[in-house]
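The report below goes through one protein chain, beginning with its contacts and overall make-up and then turning to its core, its charged pairs, its aromatic rings and its surface.

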Amino acid sequence: MRKKMIAMLLMTAMTMVLLAGCGSSGSSSTDSSETSEDAEETTSSEETATESNSSTEKQTVKVGVSIPLTSASEAESAENLLGGINAALEYAQDSGMLERWDIELYSEDDAGDPTTGMNAANKLIYTDGIHALLGPVQSTVASVILPVLEEEQIPSIMAVASPALSQQGYTYFFRANYTNNDAIALTMEFFVEDQGYTKIGILTGQNETSEAALEAAEEVLAGYGIEPVVEYFGDSDTDFSSQIISFRDAGCEAIYEFSGIVGGAQQTEQIRQLMGSDVYVVGLSNGQSSFLELISADVANNSGYATCYDPCFEGEIYDTFRSYYANYVDREAVDVSARGYDGMLILITALNSLDENCSVDDEDFGEKLRDAIRAVDYTGVQGEFHYDENGDGLNSISVVEYVDGERVKIK
């Protein structure tokens, strides 16, 4: 699959059109028998033809893609993001969105590692000469490359969920999805307002991102006069029985799992074993396509997840996305796929809003493109995007529930 994705990436690269001489005046050669009037008309027609050709010439925009192709835990996310990007590029070509631009993709493996990610970014920026970046998908990689992107004035649309990235003052950073804080805040509102729960447990890790999400949850619940029961787990934990027993003893009606796909499956199964099927469970990563491969449909019942895109969403915009995505990835599109798709179309929408006289060779092209992205009014498969000064633009999130092995959108 990885070789297939890389081959398709190479096929996506457009032929570069040289811009030298664009808009220059034509010259005419006449013999001595031509009258001055004939010469004048010839020169005029050649200048008109030159202007016409100039107006239809495309400019090449180099777009870097930073993805963790060789990461043990995130290789599937890399393929999903790249599949979404390629799907968007093909859709844009078919729908006439690329009349002014050729898009060349330059992909580098960041391995989900900050050091490797920095090396990949340096190659994309200083060797390939990219004008914009899509990805990465991991916040630890994003945090080390953002200062360089800011210095070089290269806009990035990243598929990352850490809210801290939009609080550092980066002006060339944009997010292609919601934050973890957005997801957990919406889940708390769903627990209280839609389900009527007042006894809520939160099972979370002990890193900076987890702590920030916990604060967001506690802030929302405080508005309802509710104090959650909070239990922590370590990165290598596989037995969560002591935490779950604490939830059971406190009479929790709902539990939020702030964990990865494997941990979420383990936690959900142990909650069912120790607390039964009546407890409602929502997990940060429980919407991944492999979740139901890790637990049974019975265990998944009465559980769900917050997301901006899911395979169960219905409508023409989703059907179009999925049909193009199927040309590049032979499994169903998930939320990361949608981030790549929307990110590329946001970038193309911004490019199309630039003044016709704007050139990729302009010294301030990066600044102009950044401002165009920030001004984008775009509706995609994840919802409506309107960016603020921090690079956050997507606020709509849905809740999807498992019912007998099927996904059902309930909010």
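## Overall make-up

In this predicted model, residues 24 or more positions apart account for 69% of the contacts in the protein chain with a separation of 6 or more. The secondary structure of the chain comes to 14 helices and 14 strands. Of its 411 residues, 50% count as buried, and the chain exposes about 17,900 Å², of which carbon and sulfur atoms supply 44%.

## Nonpolar cores

The largest nonpolar core holds 93 residues, and the members that touch the most other members are Ile 103, Ile 157, Met 188, Phe 191, Leu 351, Leu 369 and Ile 373. Helix 13 provides the largest share of this core, namely 10 residues. A second, separate core consists of 17 residues, among them Ile 125, Val 148, Met 158 and Leu 165.

## Salt bridges

Side chains of opposite charge can pair when their charged atoms come close. A search of the whole structure finds 15 salt bridges, including one between Asp 102 and Lys 58, whose closest N and O atoms are 3.8 Å apart. This pair links distant parts of the chain, with Asp 102 in strand 2 (residues 101-109) and Lys 58 in the loop between helix 2 (36-56) and strand 1 (59-67), 44 residues apart. Asp 102 is buried because its relative accessible area is 9%, under the 20% limit for that class, whereas Lys 58, at 28% relative accessibility, counts as partly exposed.

Another salt bridge joins Asp 392 to Arg 175, with 2.7 Å between the closest N and O atoms. Asp 392 lies in the loop between strand 12 (383-385) and strand 13 (398-403), and Arg 175 lies in strand 5 (residues 173-175), so the pair ties together parts that are 217 residues apart in sequence. Arg 175 has 0% relative accessibility and therefore counts as buried.

A salt bridge within one helix is formed by the side chains of Asp 335 and Arg 339, with an N to O distance of 3.7 Å. Both residues lie in helix 13 (residues 335-353), where they are 4 residues apart, about one turn of the helix. Asp 335 is buried, with a relative accessible area of 13%, and Arg 339 is buried as well, with 11%. Elsewhere, Glu 76, Glu 79 and Arg 331 are linked in a network of salt bridges.

## Aromatic rings

A pair of aromatic rings is described by the distance of the centres and the angle of the planes. The structure holds 20 aromatic pairs, one of which is the edge-to-face pair of Phe 313 and Tyr 318, with 5.6 Å from centre to centre and 70° between the planes. Phe 313 is buried, with a relative accessible area of 3%, and Tyr 318 is likewise buried, with 15%.

Phe 313 and Tyr 318 also belong to a cluster linked by ring pairs, which further includes Tyr 91, Tyr 309, Phe 321, Tyr 324, Tyr 325 and Tyr 341.

## A nonpolar surface patch

Val 403, Val 408 and Ile 410 make a nonpolar patch of about 200 Å² on the surface. Of these residues, Val 408 lies in strand 14 (residues 406-409). Val 408 counts as partly exposed because its relative accessibility is 35%, a value that falls between the 20% limit for buried residues and the 50% limit for exposed ones.

Key:
Residues numbered from 1 in each chain as written. Predicted model: local features only at pLDDT ≥ 70, side-chain atom pairs only at ≥ 80, totals over all residues. Heavy atoms only, no water. Patch = residues over 30% accessible without salt bridge, like charges linked within 9 Å, V, L, I, M, F, W, Y side chains within 5 Å. Areas by Shrake-Rupley, 256 points an atom, 1.4 Å probe, with all protein chains shown as cover. Salt bridge = Lys/Arg side-chain N within 4 Å of Asp/Glu carboxyl O. Helix = DSSP H or I, 4+ residues; strand = E, 2+ residues; numbered from the N terminus. Buried < 20%, exposed > 50% of the residue type's maximum accessible area, 1.4 Å probe, protein only. Contact = heavy atoms within 4.5 Å. Core = buried A, V, L, I, M, F, W, Y, C linked by side-chain atoms within 4.5 Å. Phe/Tyr/Trp six-rings, centres within 6.5 Å; stacked < 30°, edge-to-face > 60°.
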